[in-house]
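User: I would be grateful for a close look at helix packing in this model. Please set that part in the context of the whole chain, and then comment on any unusual backbone geometry in the loops.

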Amino acid sequence: MANKALFSGARAPRATAINEAGGAAYALPADHELAQYAATGCLNGTFYASASEQLDRLTTLVKRVPPEFLAKTALYCRERAHMKDTPALLCAVLSVRSPGLMAEIFDRVIDSPRMLRNFVQIMRSGAVGRNSLGTLPKRLVLQWIESRSDEALFFASIGNDPSLADIIKMVHPKPSTPARDALFGYLIGREHDARALPEIVRAFEAFKVDPTGEPPNVPFQMLTGLEIGPKAWKSIARRGSWQMTRINLNTFARHGVYEDAEL
């Protein structure tokens with residue numbers, strides 16, 4: 001009989017690496033590992049790896065793959081994996097590695113106000129080797145702003161570090177209409193013609209003065225800091241999205257929304 005110690009069935013290949021938990025593991029090719037990080041990593045602390053350790057690993061991996069793979073990965077992890085920080089980081093890396101590819105994918109990856117803020121924050125942080133936007137990224141950010149409606153820009157003014165106002169001050173967009181000129185002034189806190197503001201902004205400002213009527217149809221974050229009553233909160237709840245409703249169930253309870261049995 002053959003030696004059972006040698007011929008006892010299939011054996012797992014020898015481990016080639018140590019994972020973050022300290023266990024035996026298998027090293028992946030750089031493109032495979034980058035794709036896995038991009039589609040599942042959150043760039044926040046996890047049980048076995050800190051946020052800085054994840055960022056260090058990502059910045060190591062991006063140097064070991066071609067720019068075309070970075071661009072494809074950024075698109076996949078934004079459009080299919082619905083990630084936020086990593087695709088913005090990959091776009092920022094491409095601004096150094098391959099600006100042309102960054103320009104090709106910019107609108108598909110930087111597709112929301114939050115993504116725009118993430119991109120600008122990363123670009124100015126020095127994490128990818130630069131501390132400013134630079135000519136081409138600045139032009140892409142300008143185009144992003146110019147392609148949005150007045151209402152969309154007003155709604156995009158939620159959020160900080162950087163805020164939309166900060167970004168406007170960085171890139172200096174040129175207003176194309178009196179309403180856009182007034183909106184830019186309103187957002188960055190400079191003198192403007194209040195009568196020329198878009199209708200939704202005027203409605204919001206009027207509600208701030210007298211918050212007893214029907215609240216304007218603006219993102220609820222703009223209203224929560226105001227002294228509004230149960231009637232307004234019921235209107236907010238009635239038109240809330242699924243996500244907004246899910247994370248505000250307790251808030252609705254505190255403000256008497258559930259006292260309306262029909263609602």
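Analyst: Of the 263 residues of the protein, 38% count as buried. The model is a predicted one, and its accessible surface comes to about 15300 Å², with carbon and sulfur atoms contributing 52% of that area. The chain forms 14 helices and two strands. Its radius of gyration is 25 Å, whereas the globule rule gives 18 Å for 263 residues; the protein is therefore more spread out than a compact globule. Along the principal axes, the C-alpha atoms fill a box of roughly 90 × 55 × 25 Å. Among contacts with a separation of 6 or more, 52% join residues that are 24 or more positions apart.

Turning to the packing itself, helix α5 (residues 99-109) and helix α7 (residues 135-146) have axes that come within 10 Å and cross at roughly 10 degrees. Because angles under 35 degrees count as roughly parallel, α5 is described as roughly parallel to α7. On the α5 side, the contact is made by Pro99, Met102, Ala103 and Phe106. The α7 side supplies Leu136, Pro137, Leu140, Val141 and Trp144. By class, the residues of this contact comprise nine nonpolar, no polar and no charged.

A second packing site involves helix α12, which spans residues 230-238. Its buried residues are Ala232, Trp233, Ser235, Ile236 and Ala237. These residues pack against three helices, namely α11 (199-209), α13 (242-246) and α14 (249-254).

As to the loops, two residues that are not glycine have a positive phi, Leu43 at about 55 degrees and Asp161 at about 60 degrees. Leu43 lies in the loop between α1 (30-40) and α2 (51-61). With a relative accessible area of 18%, Leu43 is buried, since the cut-off for that class is under 20%. Asp161, by contrast, is exposed, at 62% relative accessible area, and is found in the loop between α8 and α9. The peptide bond that leads from Asp161 to Pro162 is cis, with omega near 0 degrees. Pro162 likewise belongs to the loop between α8 (150-155) and α9 (164-171). The loop between α8 and α9 thus holds both Asp161 and Pro162, the two residues joined by the cis bond.

Conventions. Residues are numbered from 1 along each chain as its sequence is written. This is a predicted model: local features need pLDDT of at least 70, side-chain atom pairs count only at pLDDT 80 or more; totals for chains, interfaces and linings use all residues. Side-chain values use heavy atoms; hydrogens and water are left out. Buried means under 20% relative accessible area, exposed over 50%, partly exposed in between (1.4 Å probe, protein chains only). Helices (H or I, at least four residues) and strands (E, at least two) are DSSP runs, numbered from the N terminus. Contact means heavy atoms within 4.5 Å. Axes are lines fitted to C-alpha atoms, for helices over the stretch in contact, and angles run from 0 to 180 degrees between N-to-C directions. Angles under 35 degrees count as roughly parallel, over 145 as roughly antiparallel, 65 to 115 as roughly perpendicular and the rest as oblique. Ala, Val, Leu, Ile, Met, Phe, Trp, Tyr, Cys and Pro count as nonpolar, Asp, Glu, Lys and Arg as charged, and the others, Gly among them, as polar. The radius of gyration is taken over C-alpha atoms; the globule rule is 2.2 Å times the number of residues to the power 0.38. Accessible areas come from the Shrake-Rupley method with a 1.4 Å probe; for residues, only the protein chains shown count as cover.
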